[in-house]
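User: Please take a close look at the place where the ligand sits. I am a first-year student, so keep the steps short.

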Amino acid sequence: MPVSDRELTQMFERVLTLSKVDKTQSVAVLKSDYSNPRIVRAAMDAAQRLGANVYGVELPAFNHPRAMGMDMTAYCGDTPLTGNLAAQRALEAADMIVDTMMLLHSPEQEQILKTGTRILLAVEPPEVLARIMPTEEDKIRVNAAAERLKRAHSIAVTSKAGSDFRATLGQYPTVTEYGFADEPGRWDHWPSGFLFSWPDEGSAEGTLVLDVGDILLPFKTYVREKVTLEIEEGFIRRIHGGFEAEYLRDYMAYFKDPEVYGISHIGWGLQPRAQWTAMGLHDKNDGMCMDARAFYGNFLFSTGPNTEVGGSRKTPCHMDIPLRGCDILLDGEPVVLAGDVVAPEASRA
Ligand SMILES: O=c1ccc(O)c[nH]1
Ligand SMILES: [Fe+2]
């Protein structure tokens, strides 16, 4: 249901407080032509009400002629910040950035975070921001799961639909998303509530079956007939099934870049307030549908870039694909069984 501007400002005050914004801090609000002006204004007002030094950085929109669709995750890597070193310096000067235009999966985001600046992404509709307000409990649960993922050497994912996927882990860090950026150099996304890492390069193997009801982002579609992905040495080698398989093959082939078939972040959802059904109640241009990435007990895998963790795969095509009903085992020990979180106990809602 609609959220008032006053409520949106109060929500930002809460989330910026969780992000340790106070009168000792400087906050840059990063925006572009397509930013939601209500979110920009609420972030500026809230940061100022918390006593921070606030400033705006506005970048002309970046349009790549080959990008399709309005979802900001559909074309990754180059952003309105790419090549604008003066603006990047202005952003690095801040203690914290509220990003209303999406730097995610860009090398510039990594460079900014390395200076100790915190970044909070906030691009979802205000109604979604309200329904999935971050809490300290979310952070405790996600971090409990991260303690387990950090020490995992292998992941195996199976499902009744026929998924039988494995990879080794350890080459890349564990990334947590709990909805506020409270530590130096931390990136987070409001709303969220999940965690992931990347498979060791070349180690992802097996089959992932998208069953009826699983989700394809940024298409924002629920799968209606099974799609089977065959993965060898870290890359998707074959995609077969019916219409959705053909659509996915055609979309990925459009980028004419072999790196689009690389497996990107893999992890699982821990947000009970995110709903599998929410995507069906929104238009395709209503944000990027974080409900689908964060819903409790999903197995979220993705394809394409690994720049977020210093990898060299900077391909613009990024698919986020959450599956339901999977078993996820780390070093042979279950964390999710049949789409329900079973361990660690402190991560269960
Ligand atoms: O929060 C996000 C959003 C998109 C993505 O690819 C990862 N995490
Ligand atoms: Fe992703």
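Analyst: Start with one term. A cavity is a set of grid points where a 1.4 Å probe fits but cannot get out. The grid covers the protein atoms alone. A molecule sits in a cavity if more than half of its atoms lie within 2 Å of the cavity's grid points.

Now to the model, which is predicted. The space taken by ligand 1 is its largest cavity. Two elements each give two or more residues to the shell around the ligand: the strand β8 (187-189) and the helix α8 (290-294).

Next, the shell itself. Which residues surround ligand 1? Going up the sequence, the list begins with Leu104, His105 and Glu177. Then come Trp187, His189 and Phe194. His265, Met288, Met290 and Arg293 follow. His318 and Asp320 end the list.

Sort these residues by class. Five are nonpolar, four are polar and three are charged. Leu104, Trp187, Phe194, Met288 and Met290 make up the nonpolar group. The polar ones are His105, His189, His265 and His318. Glu177, Arg293 and Asp320 are the charged ones.

Now look for polar contacts. Which distances separate polar side-chain atoms from oxygen atoms of ligand 1? For histidine 189, the distance is 2.8 Å. Histidine 318 has a side-chain N or O atom 3.0 Å from a ligand oxygen. Aspartate 320 also places a polar side-chain atom 3.0 Å from an oxygen atom of ligand 1. The cut-off for a polar contact is 3.5 Å between N or O atoms, so these three pairs count.

How much of ligand 1 does the protein bury? Taken alone, the ligand exposes 240 Å². The protein buries 100% of that area.

Put the steps together. Ligand 1 takes up the space of the largest cavity. Its shell holds nonpolar, polar and charged residues. Histidine 189 comes within 2.8 Å of a ligand oxygen through a polar side-chain atom. That histidine also belongs to the stretch covered by β8 (187-189). Histidine 318 and aspartate 320 each have a 3.0 Å pair with a ligand oxygen. To trace this on screen, begin at ligand 1 and find His189, His318 and Asp320 among the surrounding residues.

Note on methods: Residues numbered from 1 in each chain as written. Chains lettered and ligands numbered in written order. Predicted model: local features only at pLDDT ≥ 70, side-chain atom pairs only at ≥ 80, totals over all residues. Heavy atoms only, no water. Near = heavy atom within 4 Å. Polar contact = N/O pair within 3.5 Å; in protein donor to acceptor, adjacent residues only side chain to side chain. Areas by Shrake-Rupley, 256 points an atom, 1.4 Å probe, with all protein chains shown as cover. 1 Å grid on protein atoms, 1.4 Å probe; cavity = no way out; pocket = protein on both sides within 12 Å on 5 of 7 lines; lining within 4 Å. Helix = DSSP H or I, 4+ residues; strand = E, 2+ residues; numbered from the N terminus.
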